Amino acid sequence: MILVTGATGQIGRLVVEQLLKMNVPVRVFVRNEDAFKDFHHVLLEVAAGTFEDKNSLENAVKGVERLFLVARDNPDQVVQHENVIKAAERNGVKHIVKLSALGASKDSPIALMRWHAETEEQLRNSKIDWTFLRPQLYMQNLLRFGDSVASNGCFSTPMGSGEFALVDIRDIAEAAAKVLSGRGHADKIYTLTGPAAVSYEDIAKHLSAILQRPINYNQVTQKQFYETLLEKGFPSWRAYDLAYIAEAYSNNSNKLITNDINTLLNRPSVSIQDFLNDYRVNFRDKA
Ligand SMILES: NC(=O)c1ccc[n+]([C@@H]2O[C@H](COP(=O)([O-])OP(=O)(O)OC[C@H]3O[C@@H](n4cnc5c(N)ncnc54)[C@H](OP(=O)(O)O)[C@@H]3O)[C@@H](O)[C@H]2O)c1
């Protein structure tokens with residue numbers, strides 16, 4: 001039995017679908033018990049609970065061999081994940097696959113990268129086998145620009161002129177399911193990237209070609225972006241992480257391209273052009 005945490009999230013949900021497609025029994029750990037009520041599958045079990053509720057975790061990990069650890073970034077996540085790891089250790093879980101991030105480091109200026117590094121260290125020090133999946137930024141983050149592109153033909157972001165090997169979450173989820181259901185992945189780190197490093201200027205050019213109208217990238221400063229997010233009510237740590245995320249990639253790791261997706265999935269990772277084409281309706285003029 002595999003326990004998938006964060007199962008209602010964008011990656012977790014796809015991992016559940018992939019595992020069930022492979023006929024692997026899955027238990028989902030969800031805050032909302034009804035989240036999977038329309039998702040009937042003979043191999044699917046639902047365990048309700050939260051990372052803060054230790055009793056719910058204790059029940060959820062019973063009989064579980066492997067666990068997928070994923071959550072929404074937040075200042076309590078290191079403690080939340082520690083609760084999961086402790087419950088897993090007590091109940092004989094053999095392997096935890098942790099969704100981390102490229103750039104995870106205790107010295108990072110970005111809080112979420114420090115939190116990922118802390119949880120990675122806890123897993124390294126645990127009795128449980130671990131695998132870290134460290135994706136580059138998600139292509140699906142670009143969907144946040146959908147309304148602006150559709151209405152104004154432009155998008156604004158503080159990513160400067162840097163190039164990033166953005167990765168499609170569909171590839172991440174398929175890779176996660178492969179690792180969770182396969183053998184030989186203990187104590188390995190997979191760095192999941194797209195097949196090419198692209199700038200946001202390149203993305204605007206690809207969008208212009210796909211939508212057949214000019215789409216512009218407005219570079220805003222990190223400070224401007226940070227202040228806009230604060231005005232919108234974002235907590236300051238989140239506003240800072242989103243505005244300054246490009247600082248997380250030292251030593252040109254923003255441009256790093258790995259073969260890990262090809263190795264795990266036996267095919268190339270999804271290109272930015274294919275991603276934008278698949279999701280083009282999200283950037284179309286609204287009727
Ligand atoms: N965005 C990027 O470019 C990027 C790149 C690399 C790595 N990452 C990493 O990806 C992870 C996020 O993955 P995602 O996008 O799939 O997440 P997501 O869509 O935000 O989903 C988060 C999941 O965690 C669950 N959750 C949140 N708090 C919980 C709690 N206290 N107890 C139990 N469950 C809880 C949520 O449940 P509810 O539905 O109940 O809220 C949801 O299922 C983060 O760790 C992030 O650092 C992101």
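**Ligand contacts**

I began with T8 and found one of its polar side-chain atoms 2.5 Å from an oxygen atom of the ligand. I note here that I am working with a predicted model.

Next I looked up the backbone around the ligand. At G6, a polar backbone atom is 3.3 Å from an oxygen atom of the ligand. At Q10, I read 2.9 Å between a polar backbone atom and an oxygen atom of the ligand. I then checked how much of the ligand is covered: on its own it has 950 Å² of accessible area, and the protein covers 86% of that.

**The shell**

How many residues surround the ligand? I counted 25, and the closest are T8, R31, D73, Y138 and N141. So T8 turns up again in my notes, this time among the closest residues, after its side-chain entry above.

I sorted the shell by class and got 11 nonpolar residues, 10 polar ones and four charged ones.

Which helices did I find supplying at least two residues each to this shell? They are α1, residues 10-21, and α4, residues 111-124. Q10, whose backbone I had already paired with a ligand oxygen, falls within the α1 range.

**Following α1**

I stayed with α1 to see how it packs against helix α6, residues 169-181. Their axes are 8 Å apart, and the angle is about 50°. Is α1 parallel or oblique to α6? That angle makes it oblique, because it lies between the 35 degrees that ends roughly parallel and the 65 where roughly perpendicular begins.

My last entry is the handedness: α1 crosses α6 in a right-handed way.

Methods:
Residues numbered from 1 in each chain as written. Predicted model: local features only at pLDDT ≥ 70, side-chain atom pairs only at ≥ 80, totals over all residues. Heavy atoms only, no water. Near = heavy atom within 4 Å. Polar contact = N/O pair within 3.5 Å; in protein donor to acceptor, adjacent residues only side chain to side chain. Areas by Shrake-Rupley, 256 points an atom, 1.4 Å probe, with all protein chains shown as cover. Helix = DSSP H or I, 4+ residues; strand = E, 2+ residues; numbered from the N terminus. Nonpolar A, V, L, I, M, F, W, Y, C, P; charged D, E, K, R; others polar. Axes fitted to C-alpha atoms, helices over the stretch in contact; angles between N-to-C directions. Parallel < 35°, antiparallel > 145°, perpendicular 65-115°, else oblique. Left-handed = near helix turned anticlockwise from the far one by under 90°.
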